[in-house]
Amino acid sequence: HKQEDEICFPSHVRTAHDISRHYCGPTRLEEEEQDMDKALERIIAARDAITEELGLQTPPQVVVTALEKDVARTATCLGLPRRNAFLFDDNEGIQDRPGVITVEPLMSLPAAKRDALLSFM
């Protein structure tokens with residue numbers, strides 16, 4: 001993926017280390033490394049939850065963007081059909097955009113899901 005304002009995590013990525021070992025930017029402080037690894041772990045955990053909930057055989061690619069969210073543009077940049085790209089977001093301000101699926105904001109996990117998440121981590 002060659003967009004300077006987006007980063008794509010392919011399906012085969014399993015851990016934050018899989019991603020960070022390819023980092024070639026400026027040297028980061030140890031605290032920055034830890035913060036980045038935790039952020040990447042959260043992204044991978046969300047992707048894995050989507051994979052499981054939708055019963056997918058393979059995890060989807062994940063794109064993190066620094067621009068305004070544009071599902072069609074991102075799909076095109078990835079060489080994917082627009083009909084196969086979705087953004088699950090709780091921002092009602094973008095609900096009318098193509099490919100956006102509005103979800104309820106997550107205020108807190110139900111107790112059973114919270115316990116399962118904590119035991120996983």
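Student: Which residues make the nonpolar surface patch of about 580 Å²?
Tutor: This is a predicted model, in which local features need pLDDT of at least 70, side-chain atom pairs count only at pLDDT 80 or more, and totals for chains, interfaces and linings use all residues. Residues are numbered from 1 along each chain as its sequence is written, and side-chain values use heavy atoms, without hydrogens and water. Patch residues have over 30% relative accessible area (Shrake-Rupley, 1.4 Å probe, only the protein chains shown as cover) and no salt bridge (Lys or Arg side-chain nitrogen within 4 Å of an Asp or Glu carboxyl oxygen); nonpolar side chains (Val, Leu, Ile, Met, Phe, Trp, Tyr) are joined within 5 Å, like charges within 9 Å. The patch is made by Ile50, Leu54, Leu56, Phe86, Phe88, Ile101 and Val103.

Student: Where is Phe86 placed?
Tutor: Helices (H or I, at least four residues) and strands (E, at least two) are DSSP runs, numbered from the N terminus. Phe86 sits in the loop between helix H3 (71-78) and strand S3 (87-89).

Student: What span does helix H2 reach from its first C-alpha to its last?
Tutor: H2 covers residues 30-54, 25 residues in total. The expected span is 1.5 Å times one less than the number of residues. Expectation and model are close, both given as 36 Å.

Student: Which residues of H2 are buried?
Tutor: Buried means under 20% relative accessible area, exposed over 50%, partly exposed in between (1.4 Å probe, protein chains only). An α-helix has 3.6 residues a turn, so residues three or four places apart point the same way. The buried residues are Leu40, Ile44, Arg47 and Thr51.

Student: Which elements do the buried residues of H2 pack against?
Tutor: Contact means heavy atoms within 4.5 Å. The partners are S1, helix H1 (16-20) and strand S2 (62-65).

Student: What phi does Gly55 take?
Tutor: Gly55 comes just after H2. Its phi is positive, at about 65°.

Student: Is Glu6 buried or exposed?
Tutor: Glu6 lies in strand S1 (residues 6-9). Its relative accessible area is 7%, so Glu6 is buried.

Student: Which side chains make polar contacts with that of Glu6?
Tutor: A polar contact is a pair of N or O atoms within 3.5 Å; within protein, one must be able to donate a hydrogen and the other to accept it, and sequence neighbours count only if both atoms are side-chain atoms. The distance is 3.2 Å in one pair and 2.8 Å in the other. The partners are Arg73 and Thr74.

Student: In what order do the elements run?
Tutor: The protein has 4 helices and 4 strands. From the N terminus on, the order is β-α-α-β-α-β-β-α.
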